[in-house]
Amino acid sequence: MKKYTLVLLFTLLVGAVYAQRGGERYDPEKLKAAKVAFITTRLDLNSEQAEKFWPIYNEFSDKREAMIRQMAELNDRRDQPISEEEAKSRVEKRFELQQQLLNEEKKFVSKASSVISYNQLFLLNGLSRDFARHIYQRQRREGR
């Protein structure tokens, strides 16, 4: 019964994501809630697991996004000439950020594995991409 409730919640939240608010195309809060419901359902998390898992995931996700933004900033202005030293510095900084990202992911797996199984962690790897694909496909269907 709990699983059906989560599926219903997910369906309602994804539908609500498409409602416009204040001129924005999507409501970021509803989109995040839909993603939580999607991942929770796909991983088949019970309420106790979800309660412990999401703070760990959100902390990792925030750190990951910050490092990815830093890497993107390093690539800004690639069309403008820079010195060899500056290019070398940016490449080295990118490697440092990639290593930090790997270290953070290892910490996340270590923490999360105390809450969910390694099978669930393995499934989690592609679920964000699956969610984005799901939203894109839904948008295309509604746009036709």
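In what hand, left or right, does α2 pass α3 where the two cross? I will come to that through the two helices themselves, and I should say at the outset that what we are looking at is a predicted model.

Let me start with helix α3, which covers residues 47–75 and so has 29 residues; at 1.5 Å a residue these should span 42 Å, and the end C-alpha atoms lie 41 Å apart, which agrees. At the start of this helix, a side-chain oxygen of Asn46 comes to within 3.1 Å of the backbone nitrogen of Glu48. Further along, α3 bends by about 30 degrees at Phe53, with a proline, Pro55, following within four residues. Phe53 is also among the buried residues of α3, a list that includes Gln49, Ala50, Trp54, Ile56, Tyr57 and Phe60, as well as Met67, Met71 and Leu74.

Trp54 takes us across to the other helix, since its side chain and that of Thr40 are joined by a polar contact of 3.1 Å. Thr40 sits in helix α2, which runs over residues 28–43. With a relative accessible area of 7%, Thr40 falls under the 20% cut-off and therefore counts as buried, and its partner Trp54 is buried in α3 as well.

Now for the two helices as a pair. Two packed helices are described by the angle between their axes and the distance between the axes. Here the axes of α2 and α3 come within 12 Å and cross at roughly 120 degrees, which makes α2 oblique to α3. As for the question I opened with, α2 passes α3 in a right-handed crossing.

How values were computed. Residues are numbered from 1 along each chain as its sequence is written. This is a predicted model: local features need pLDDT of at least 70, side-chain atom pairs count only at pLDDT 80 or more; totals for chains, interfaces and linings use all residues. Side-chain values use heavy atoms; hydrogens and water are left out. The expected span of a helix is 1.5 Å times one less than its number of residues. The bend at a residue is the angle between axes fitted to the seven residues ending there and the seven starting there. Buried means under 20% relative accessible area, exposed over 50%, partly exposed in between (1.4 Å probe, protein chains only). A polar contact is a pair of N or O atoms within 3.5 Å; within protein, one must be able to donate a hydrogen and the other to accept it, and residues adjacent in sequence count only if both atoms are side-chain atoms. Axes are lines fitted to C-alpha atoms, for helices over the stretch in contact, and angles run from 0 to 180 degrees between N-to-C directions. Angles under 35 degrees count as roughly parallel, over 145 as roughly antiparallel, 65 to 115 as roughly perpendicular and the rest as oblique. A crossing is left-handed if the near helix is turned anticlockwise from the far one by less than a right angle, and right-handed if clockwise.
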